[in-house]
Amino acid sequence: MAHPLSHQDWQRKAQSLAIEGRLFIEGRYVAAQGGGSFDCSNPATGARLASIAQGQAQDVDAAVASALAAWNDRRWRGLAPRARMQVLYRLADLVEQHADELALLETLDMGKPISDVLNIDLPEVTKTLRYFAECIDKMEGAVTHTAPGSLHMILHEPLGVVGAITPWNYPLLMAVWKLAPILAAGNCVVLKPAEQAPLSCTRLAQLFIDAGGPAGVFNLVNGLGMEAGRALALHPDVIKLSFTGSTRVGKLLMGYAGQSNMKRVALETGGKSPQIFMPDLYDLDAAVDRAVGGIFDNAGQVCNAGSRLLVHHDLQTAFIEKFVARTQALYQPGDPLDPATTLGPLASQAHQTKVLADIARGQSEGAQQVMGDTAIAMPGAYVPPTLFVGHNRMAIAQEEVFGPVATLIPFDTEAEAIALANDSVYGLAAAVWTRDLKQAHRMVGALEAGVVWVNCFGDGDMTQPFGGYKQSGNSRDKHMASLLSYTQSKSAWFELG
Ligand code: NAP
């Protein structure tokens, strides 16, 4: 999505941007019943952006009641598949028509460079909406072979009211990875976006109505995780909870499901993804470019960020030299409203404090810091791209930093690389760089990760199921599998006499 606007144009547009921070229930914006609110601010400047309604349990009750009424009277699932498809197609069109506004909301709210929102996030949002719209009339049940006199059909039916709780790193995209298949399958939904970056999702709720979506089908409750999120996860009328966020909160949600109605809990959680660079790889420059992008895009706030660089000893010196040079060339900090900026601030000052503490811990546990020891002289929540050389048992190599911090770990053999890669509680993604496809195939089989890339990193499209092994989650976004996960099967057995 090439964009002609200049830095000054965006700054001007930002001045006159209308921001909505209320809840969205039964097709309209409403204040929180308790009257509470919290501020959201721009992490690039610290300036207050808007007041966000602080939804609490009673607001979640109202949102779930609205979704349940829409479910019960079949105003969405009762539509012909083509009619539901048209709503999601129109929603994708509206996202494109409002791209400037949505990009501004995203950039101001979480600090993501505006070029990234326009070139990555929003095109992915529209692709997701259109992919799941296309799937709606491709979902088929089955008629199984039975003895004469019987007929057996397997039907896929939507679930009911689904709750979605989403993070702040790709605020709109992560929400749409949930919303599109939830809605395509015929469910009604209540979304609780992250408190740090709720603006784009709040705007999307109205766009759903503008696209012809019935009121009550898509509801949104802004608020804090411990209040609104927890209330949604404990709600007895929510049949499934779909979550993207940290492993810590994912574990809590499984507990809430057990304490309430045993709702299904789909988790897309944290990661500490290894990229393995074998000594025979094709092109070290190309591999290093993807290593740099894999950890510094979105300032490292990416669930599958390639934060562990497993580099063969023979490559180590050249790898580090090139990595430092390419980082300096590609990731210069700047105002995220400037289309030339490639490195924005982190999403909040609190997150900056956490990431800086992780870096300090890396230093204190003896990891060698080869890059990132000079603070960025800008007022926002910036963290310099950082590279450590260390070993895999260090906290800096085991715990998710969720910032622009990579740890390089040298190895000598394929077996050692696999053992290091799998020595993690996480298993979201991994990559292997080698020219030996037989070796690559063997390593793909040995890696404990939901996504494995060979001679690339981060590539994929909507046909790629995305999700993790181990404590990176128990579910998959994207792909038809995601759509089916928001349905349940019904077996209908007819005795025909
Ligand atoms: P987070 O702290 O777990 O928060 C995620 C969401 O959960 C937010 O909406 C949050 O609300 C809510 N929440 C917090 N405590 C809750 C509770 N007790 N009950 C119910 N909801 C609660 O994660 P984050 O910091 O926003 O996002 C970063 C994490 O997301 C990283 O670990 C990253 O790896 C993961 N992530 C995973 C994927 C994937 O596909 N696997 C994709 C993107 C991100 P508040 O914001 O109000 O606290």
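**Exercise 1. Two helices at an angle**

At what angle do helix α1 (residues 7-15) and helix α4 (residues 99-110) pack, and how far apart are their axes?

*Solution.* The structure is a predicted model, in which local features need pLDDT of at least 70 and side-chain atom pairs count only at pLDDT 80 or more, while totals for chains, interfaces and linings use all residues. Residues are numbered from 1 along each chain as its sequence is written, and side-chain values use heavy atoms, with hydrogens and water left out.

Step 1: helices (H or I, at least four residues) and strands (E, at least two) are DSSP runs, numbered from the N terminus; axes are lines fitted to C-alpha atoms, for helices over the stretch in contact, and angles run from 0 to 180 degrees between N-to-C directions.

Step 2: α1 and α4 pack at about 85 degrees, and their axes are 11 Å apart. That makes α1 roughly perpendicular to α4, a label given to angles of 65 to 115 degrees, whereas under 35 counts as roughly parallel, over 145 as roughly antiparallel and the rest as oblique.

Step 3: in contact terms (heavy atoms within 4.5 Å), Trp10, Lys13 and Ala14 of α1 meet Asp100, Leu104 and Leu108 of α4. By class, this contact has 4 nonpolar, no polar and 2 charged residues, where Ala, Val, Leu, Ile, Met, Phe, Trp, Tyr, Cys and Pro count as nonpolar, Asp, Glu, Lys and Arg as charged, and the others, Gly among them, as polar.

**Exercise 2. A second helix pair**

Describe how helix α5 (residues 114-135) is placed against helix α6 (residues 171-184).

*Solution.* Step 1: the two axes come within 9 Å and cross at roughly 10 degrees, which makes α5 roughly parallel to α6.

Step 2: the contact includes Leu122, Val125 and Phe132 of α5, and Leu173, Val176 and Trp177 are among the residues that α6 contributes. By class, the contact has 11 nonpolar, 1 polar and 2 charged residues.

**Exercise 3. The sheet of 7 strands**

State the strand order of this open sheet, and identify its edges.

*Solution.* Step 1: two strands pair if DSSP finds at least two bridges between them, and the order is β14-β15-β16-β13-β12-β18-β19, with mixed pairing. β14 (368-371) and β19 (451-454) stand at the edges with a single partner strand each, so one side of each has no neighbour in the sheet. Direction ignored, neighbouring strands are turned by 20 degrees against each other on average.

Step 2: β14 and strand β15 (residues 386-389) run antiparallel and are joined by 3 bridges, and glutamine 369 stands opposite phenylalanine 388 in β15.

Step 3: helix α12 (residues 349-364) lies across β14, β15 and β16 (405-411), at about 25 degrees to β15. Helix α15 (residues 437-446) also packs on the sheet, touching β12 (274-277), β18 (429-433) and β19, and its direction makes about 170 degrees with that of β19.

**Exercise 4. The ligand surroundings**

How many residues surround the ligand, and which are the closest?

*Solution.* Step 1: a residue is near a molecule or strand if one of its heavy atoms lies within 4 Å of it; 33 residues surround the ligand, and the closest are Glu195, Gly225, Ser246, Thr269 and Glu400.

Step 2: an oxygen atom of the ligand is 2.6 Å from an N or O atom in the side chain of serine 246. A ligand oxygen atom is 2.8 Å from an N or O atom in the side chain of lysine 192, and a ligand oxygen atom is 2.8 Å from a polar backbone atom of glycine 225.

Methods:
A polar contact is a pair of N or O atoms within 3.5 Å; within protein, one must be able to donate a hydrogen and the other to accept it, and residues adjacent in sequence count only if both atoms are side-chain atoms.
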